[in-house]
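Notebook open, model loaded. I wanted to look up the sheet, the core and the surface, in that order.

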Amino acid sequence: MIKKIEIDSEVFKAAKRGMHVEGSVCIDTETGKLTFRAWKRKAPKCGDRGRIIMRTEHGWVKESKERIKTYESVPKTLGKKRITSILERDMYEVSDFLTEFL
């Protein structure tokens, strides 16, 4: 048994250009028609994450359009006293860098 599938014109044009189109095929219970619905996907927003302007011993500093972002990851096994000294030292280095950079 051969059935015809309804495909949107935009999807058909994309398939003709050789693009891979993902979607779902379903049968309408009332009319018995097979229809293909393409999934409307958006590209990920990679530009909003910012760029790394400095790497620290345990993290990084990023710059985006609106913010300066910092990240630190220190192992707990070092103990509270060493962790606080590492965080203070890294933030001191970052603040010195930012005064020269900005």
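Sheet first. This is a predicted model, and in it I find an open sheet of three strands, ordered β1-β3-β2, with mixed pairing. β1 and β2 (23-27) are the edge strands; each has a single partner strand, so one side of each has no neighbour in the sheet.

Then I checked how β2 meets β3. β3 covers residues 34-38, runs antiparallel to β2, and is joined to β2 by five bridges. I picked V25 and looked up its bridge partner in β3, which is F36.

Next, the core. Which residues make up the largest nonpolar core? I get five: I53, M54, V61, V94 and L98. β4 (51-55) and α2 (80-101) each supply at least two residues of this core. As a general note to self, nonpolar side chains tend to be buried together in soluble globular proteins.

I pulled the contacts of V61, skipping neighbours within four places in sequence. The list reads R51, I52, I53, M54, I68, K69, T70 and V94. I53, M54 and V94 from that list are also members of the core.

Last, the surface. I5, I7 and F12 form a nonpolar patch there, and together they have about 280 Å² of accessible area. Where does I7 lie? I find I7 in the loop between β1 (5-6) and α1 (9-16). Is I7 exposed or only partly exposed? Its relative accessibility is 42%, so I log I7 as partly exposed, since the exposed label needs over 50%.

Terms used. Residues are numbered from 1 along each chain as its sequence is written. This is a predicted model: local features need pLDDT of at least 70, side-chain atom pairs count only at pLDDT 80 or more; totals for chains, interfaces and linings use all residues. Side-chain values use heavy atoms; hydrogens and water are left out. Patches are made of residues with over 30% relative accessible area and no salt bridge: like charges are joined within 9 Å, nonpolar side chains (Val, Leu, Ile, Met, Phe, Trp, Tyr) within 5 Å. Accessible areas come from the Shrake-Rupley method with a 1.4 Å probe; for residues, only the protein chains shown count as cover. A salt bridge is a side-chain nitrogen of Lys or Arg within 4 Å of a carboxyl oxygen of Asp or Glu. Helices (H or I, at least four residues) and strands (E, at least two) are DSSP runs, numbered from the N terminus. Buried means under 20% relative accessible area, exposed over 50%, partly exposed in between (1.4 Å probe, protein chains only). Two strands pair if DSSP finds at least two bridges between them. A nonpolar core is a set of buried Ala, Val, Leu, Ile, Met, Phe, Trp, Tyr and Cys residues joined through side-chain atoms within 4.5 Å. Contact means heavy atoms within 4.5 Å.
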